[in-house]
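Here's a walk through one protein model, written for someone who likes to keep the viewer open while reading. Have a look at the fold before the details come in.

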Amino acid sequence: MPGALERFQSATPRVRIELCDLSPREMADLARQGQLDLLIAPADANFSVPGFQWIELRRLTLVLVMPAIHPLAKLTKIAPTRLRDLPLVGLGRENFPGYLARMRAVLKPFGVRPRFVTTVNDGVSAMFAELEANNLAAVLADGLRT
């Protein structure tokens with residue numbers, strides 16, 4: 001993202017860029033109100049905005065995120081089947097309506113039904129705090145790792 005922003009700003013120096021970290025629900029609301037000109041959202045955001053054209057920029061890889069002291073943290077690769085019965089933190093339906101369904105769909109071919117012990121609606125920063133506090137794991141897109 002930083003490289004793309006730098007190239008864009010060099011090519012269009014008179015355009016003001018303002019970045020916002022929003023949930024998919026907030027993105028859709030602001031876009032419908034005409035307050036956003038460009039929107040980068042996950043494919044499973046499940047919303048449409050009149051006048052917006054959707055283009056896939058890249059496909060994201062899912063990763064398992066956890067504190068360094070988590071029992072699985074020392075592994076470099078974790079098979080999806082290892083998530084069976086693993087307590088997970090998920091993103092809540094209110095602000096991330098497509099997340100839970102997407103995780104179930106991704107893991108279903110491996111015979112895994114994710115076990116979400118809690119969900120977080122306040123975003124990824126709050127999720128990281130939950131992971132640390134309770135030594136839990138979460139499945140997120142690779143761009144969201146810290």
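What follows covers the overall layout, a pocket, the cores and a few single residues.

**Ground rules**

This is a predicted model, where local features need pLDDT of at least 70, side-chain atom pairs count only at pLDDT 80 or more, and totals for chains, interfaces and linings use all residues. Residues are numbered from 1 along each chain as its sequence is written, and side-chain values use heavy atoms, with hydrogens and water left out.

**Overall layout**

The protein has four helices and four strands, and from the N terminus on they run α-α-β-β-α-β-α-β. Helices (H or I, at least four residues) and strands (E, at least two) are DSSP runs, numbered from the N terminus. The C-alpha trace spans about 50 × 30 × 30 Å along its principal axes. Of the 146 residues, 31% count as buried; buried means under 20% relative accessible area, exposed over 50%, and partly exposed in between, with a 1.4 Å probe and protein chains only. Take the contacts (heavy atoms within 4.5 Å) between residues at least 6 apart in sequence: 59% of them join residues at least 24 apart.

**Strand 1 and the pocket**

Strand 1 (62-65) is a good place to start. Its side chains alternate: Val63 and Val65 point to one face and are buried, while Leu62 and Leu64 point to the other and are not. Strand 1 runs antiparallel to strand 4 (residues 138-141), and four bridges join the two; strands pair if DSSP finds at least two bridges between them. Val65 stands opposite Ala138 in strand 4.

Which element gives the most to the lining of the second largest pocket? Strand 1 does, with four residues. Helix 3 (99-107) and helix 4 (124-134) each supply at least two residues as well. The lining has 24 residues, and Leu62, Val63, Leu64, Val65 and Ile78 lie nearest the pocket's centre. By class, there are 19 nonpolar, two polar and three charged residues. Here Ala, Val, Leu, Ile, Met, Phe, Trp, Tyr, Cys and Pro count as nonpolar, Asp, Glu, Lys and Arg as charged, and the others, Gly among them, as polar. The volume of this pocket is about 550 Å³, taken as the space filled by probe spheres set on the grid points, which are joined across faces, edges and corners. A pocket is an open set of points on a 1 Å grid over the protein atoms alone, where a 1.4 Å probe fits, with protein on both sides within 12 Å along at least five of seven lines; lining residues have an atom within 4 Å of a point.

**Two nonpolar cores**

A nonpolar core is a set of buried Ala, Val, Leu, Ile, Met, Phe, Trp, Tyr and Cys residues joined through side-chain atoms within 4.5 Å. The largest one has 25 residues, and those with the most contacts inside it are Val89, Tyr99, Met127, Leu131 and Leu140. Strand 1, strand 2 (87-91), helix 3, helix 4 and strand 4 each give two or more residues to this core. Apart from it lies another core, of five residues, among them Met27, Ala31, Leu36 and Leu39.

Leaving out residues up to four places away in sequence, Val89 touches Tyr99, Met127 and Leu131, among others. In the other core, Ala31 lies in helix 2 and, beyond its neighbours within four places, is in contact with Leu36, Leu39, Val49 and Phe52. Ala31 and Ala129 are 98 residues apart in sequence and 29 Å apart in space, C-alpha to C-alpha.

**Some single residues**

Here are five residues side by side.

| Residue | Relative accessible area | Class |
|---|---|---|
| Ala31 | 6% | buried |
| His70 | 7% | buried |
| Asn135 | 28% | partly exposed |
| Asp85 | 58% | exposed |
| Asp21 | 78% | exposed |

His70 sits in the loop between strand 1 and strand 2. Beyond residues up to four places away in sequence, His70 touches Leu86, Asn135, Leu136 and Ala137. Asn135 itself is found in the loop between helix 4 and strand 4.

Most residues other than glycine have a negative phi. Asn135, not a glycine, has a positive phi of about 50 degrees. Asp85 also has a positive value, with phi near 70 degrees, and its place is in the loop between strand 1 and strand 2.

Finally, Asp21 is in the loop between helix 1 (2-11) and helix 2 (24-32). Asp21 and Ala11 are ten residues apart in sequence and 24 Å apart in space, C-alpha to C-alpha.
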